[in-house]
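Reader: I would love a close look at one single part of this model. Could you take me through it residue by residue and tell me what surrounds it?

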Amino acid sequence: MTVRKERVRWWNIVIITGAAIAYTLSVGKLGFLINTFLLITLLLKVVEPQSWKTSILGGLITAIASELVFNVILKAQIPTGLLGF
């Protein structure tokens, strides 16, 4: 039995770190919903390459589900951003 060693994809680490930093710095200005959509869409498209349709749909579903959990169910105060959502 041979063990296959998988290469570390360093660019993915850089992209994830940069995206997390950008998310943290911009969530107050753009708001939770838009920022979460952009982050998840980027991660789905770049880190584990998916089609644009899958990436956008995954980002949309995640952002809306997160908004419902934090805003509606938990009634947490999350940043609304410039557009008010």
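Where does Phe37 lie?

Author: Phe37 lies in helix H2, so let us make that helix our part (helices are DSSP runs of H or I, at least four residues, numbered from the N terminus). Please keep in mind that this is a predicted model, in which local features need pLDDT of at least 70, side-chain atom pairs count only at pLDDT 80 or more, and totals for chains, interfaces and linings use all residues. Residues are numbered from 1 along each chain as its sequence is written, and side-chain values use heavy atoms, with hydrogens and water left out.

How confident is the prediction? The mean pLDDT of the protein (the predictor's confidence in each residue, from 0 to 100) is 89, and 95% of the residues reach 70 or more. Confidence is lowest in H1, with a mean of 92, and highest in H3, with 95.

Now to H2 itself. The helix covers residues 32-46, and its 15 residues should span 21 Å at 1.5 Å a residue; the C-alpha atoms at its ends are 21 Å apart, which agrees. That expected span is 1.5 Å times one less than the number of residues. Phe32, Leu33, Asn35, Thr36, Leu39 and Thr41 are the buried residues of H2; buried means under 20% relative accessible area, exposed over 50%, and partly exposed in between (1.4 Å probe, protein chains only). Their cover includes helix H1 (10-30) and helix H3 (52-73).

Take the H1 side to begin with. The axes of H1 and H2 come within 9 Å and cross at roughly 170°; axes are lines fitted to C-alpha atoms, for helices over the stretch in contact, with angles from 0 to 180 degrees between N-to-C directions. The two helices are therefore roughly antiparallel to each other, the word for angles over 145 degrees. From H1 come Asn12, Ile15, Ile16, Ala19, Tyr23, Ser26, Val27 and Leu30; from H2 they meet Phe32, Ile34, Asn35, Thr36, Leu38, Leu39, Leu42, Leu43 and Val46. Here contact means heavy atoms within 4.5 Å.

Asn35 makes a nice close-up of this meeting. The residue lies in helix H2 and, at 5% relative accessibility, counts as buried. Neighbours within four places in sequence aside, Asn35 is in contact with Tyr23, Ser26, Val27 and Leu30, which are among the H1 residues that meet H2.

Your own residue, Phe37, brings in other partners. With a relative accessible area of 23%, Phe37 is partly exposed. Setting aside neighbours within four places in sequence, Phe37 is in contact with Ile56, Gly59, Leu60 and Ala63. Phe37 and Arg4 are 33 residues apart along the chain, and their C-alpha atoms are separated by 35 Å.

Ile40 also has its place in helix H2. Beyond residues up to four places away in sequence, Ile40 touches Gly58, Gly59 and Thr62; Gly59 is also a contact of Phe37. From Ile40 to Ala63 there are 23 residues in sequence and 8.1 Å in space, C-alpha to C-alpha.

Looking back from the other helix, Ser66 is found in H3. At 17% relative accessibility, Ser66 counts as buried. Not counting residues up to four places away in sequence, Ser66 touches Phe32, Thr36 and Asn71, and both Phe32 and Thr36 are among the buried residues of H2. The side chain of Ser66 also reaches the backbone oxygen of Thr62 at 2.8 Å, while Thr62 itself is touched by Ile40.

Two residues outside H2 round off the surroundings. Lys29 is found in helix H1 and counts as exposed, at 59% relative accessibility. Leaving out residues up to four places away in sequence, Lys29 touches Gly81 and Leu82; Lys29 and Leu82 are 53 residues apart in sequence but 6.0 Å apart in space, C-alpha to C-alpha. Lys75, in the segment after H3, has a positive phi of about 55° although it is not a glycine. At 66% relative accessibility, Lys75 counts as exposed.

Note on methods. Polar contact = N/O pair within 3.5 Å; in protein donor to acceptor, adjacent residues only side chain to side chain. Parallel < 35°, antiparallel > 145°, perpendicular 65-115°, else oblique.
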